Amino acid sequence: MIERSSIDVSLSDIAQKSGANSALVKYHFGNKDGLLLALLARDAATEVEGLEYLLSQPITPTEKLKLHIAGIIRAYRRFPYMNRLIHYLLHESSAEAADEVSKFFVAPLLDFHRRLLAEGVRRGEFREIDPILFYTSLIGACDHLFFGRHAMTRASGVGPVTDEVCRAYIKHMEGLLCGGVLTKERSE
């Protein structure tokens, strides 16, 4: 999927690349969607575990927010297929797959945003922000950087998302989101 910049791969492609036969893949995962769901669950588990750790750190909510923004962008860089896979499993696969993705990925991330934003409000650092709109802003912006990059390349000639682009985007998103989240006193 990373090589092709697409989630449109067959079980035989996956089997050939992994050195396993497609019958073995079907035996363990049932079908391609089962394999894709297991892949997303594995990748998401690592990222979601880090959310609890981040919330427990003895640093300010603003610093936690900045670390979270950087972590999300780096996760998209590490797993460039992740958001397309999420979209596919939520919208083009079975209702069961959509429920699973919502349970192990979307719900924990939304809960993290609710708790982090509430902590920031309690500590006087953040203004009231709707966690769903925040989630939509952050995840949508990351999605567009990595998935929408193909359209931008054609329209403006920008290149791939390099480490330098990733660092610049982290800084940009920190400024954009923190500028909208912080209380007036904190942003000055």
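## The overall picture

The protein chain has ten helices and zero strands. Read from the N terminus, its elements run α-α-α-α-α-α-α-α-α-α. Keep in mind that this is a predicted model.

The chain has 188 residues, and 40% of them count as buried. Take the contacts between residues at least 6 apart in sequence: 70% of these join residues at least 24 apart.

## The nonpolar core

The largest nonpolar core holds 51 residues, and Ile73, Leu89 and Phe105 are the ones that touch the most other members. Helices α3 (32-56), α4 (61-78), α5 (82-91), α6, α7 and α9 each put in at least two residues. The top contributor is α6, which gives ten residues to this core.

Let's look at Ile73. Setting aside neighbours within four places in sequence, Ile73 is in contact with Cys142, Phe146, Cys166, Tyr169, Ile170 and Met173.

## α3 alongside α6

Start with the pairing of α3 and α6. Their axes come within 10 Å and cross at roughly 15 degrees. That angle makes α3 roughly parallel to α6, and the crossing is left-handed.

On the α3 side, the contact is made by Leu37, Leu40, Ala41, Ala44, Val48, Leu51, Glu52, Leu54 and Leu55. On the α6 side, you'll find Ala97, Glu100, Val101, Phe104, Phe105, Pro108, Leu109, Phe112, Arg115, Leu116 and Glu119. Sorted by class, that gives 16 nonpolar residues, no polar ones and four charged.

## α3 against α5

Helix α3 also meets α5. Here the axes come within 10 Å and cross at roughly 130 degrees, which makes α3 oblique to α5. As α3 passes α5, the crossing is left-handed.

From α3, the residues involved are Asp33, Leu36, Leu37, Leu39, Leu40, Asp43 and Ala44. They meet Met82, Leu85, Ile86, Tyr88 and Leu89 in α5. The class split is ten nonpolar, no polar and two charged. Leu89, listed in this contact, is also one of the core residues that touch the most other members. Leu37, Leu40 and Ala44 of α3 take part in the α5 contact and turn up in the α6 contact too.

## α7 against α9

Next come helix α7 (residues 131-147) and helix α9 (residues 163-181), which pack at an angle of about 160 degrees with their axes 12 Å apart. So α7 is roughly antiparallel to α9, and α7 passes α9 in a right-handed crossing.

Helix α7 brings Phe134, Ser137, Leu138, Ala141, Cys142 and Leu145 to this contact, while α9 brings Val165, Tyr169, Met173, Leu177 and Val181. By class, the residues come to ten nonpolar, one polar and no charged. Ile73 shows up again here: its partners include Cys142, Tyr169 and Met173, and those three residues are among the ones that make the α7 and α9 contact.

## Three buried residues to click on

His113 sits in helix α6 (residues 95-122). Is His113 buried or exposed? His113 is buried, with a relative accessible area of 0%. Not counting residues up to four places away in sequence, His113 touches His68, Pro131, Phe134, Tyr135 and Leu138. Phe134 and Leu138 are also part of the contact of α7 with α9.

Leu109 lies in α6 as well, and Leu109 is buried with a relative accessible area of 4%. Leaving out residues up to four places away, Leu109 touches Leu51, His68, Ile72, Tyr135 and Ile139. The C-alpha atoms of Leu109 and Ala44 are separated by 10.0 Å, with their positions 65 residues apart along the chain. Leu109, Leu51 and Ala44 are all listed in the contact of α3 with α6.

That leaves Ile139, found in helix α7. Ile139 is buried, with a relative accessible area of 8%. Beyond its neighbours within four places in sequence, Ile139 is in contact with Ile72, Tyr76, Asn83 and Leu109. The C-alpha atoms of Ile139 and Tyr76 are 9.6 Å apart, although the two residues are 63 apart along the chain.

How values were computed
Residues are numbered from 1 along each chain as its sequence is written. This is a predicted model: local features need pLDDT of at least 70, side-chain atom pairs count only at pLDDT 80 or more; totals for chains, interfaces and linings use all residues. Side-chain values use heavy atoms; hydrogens and water are left out. Axes are lines fitted to C-alpha atoms, for helices over the stretch in contact, and angles run from 0 to 180 degrees between N-to-C directions. Helices (H or I, at least four residues) and strands (E, at least two) are DSSP runs, numbered from the N terminus. Angles under 35 degrees count as roughly parallel, over 145 as roughly antiparallel, 65 to 115 as roughly perpendicular and the rest as oblique. A crossing is left-handed if the near helix is turned anticlockwise from the far one by less than a right angle, and right-handed if clockwise. Contact means heavy atoms within 4.5 Å. Ala, Val, Leu, Ile, Met, Phe, Trp, Tyr, Cys and Pro count as nonpolar, Asp, Glu, Lys and Arg as charged, and the others, Gly among them, as polar. Buried means under 20% relative accessible area, exposed over 50%, partly exposed in between (1.4 Å probe, protein chains only). A nonpolar core is a set of buried Ala, Val, Leu, Ile, Met, Phe, Trp, Tyr and Cys residues joined through side-chain atoms within 4.5 Å.
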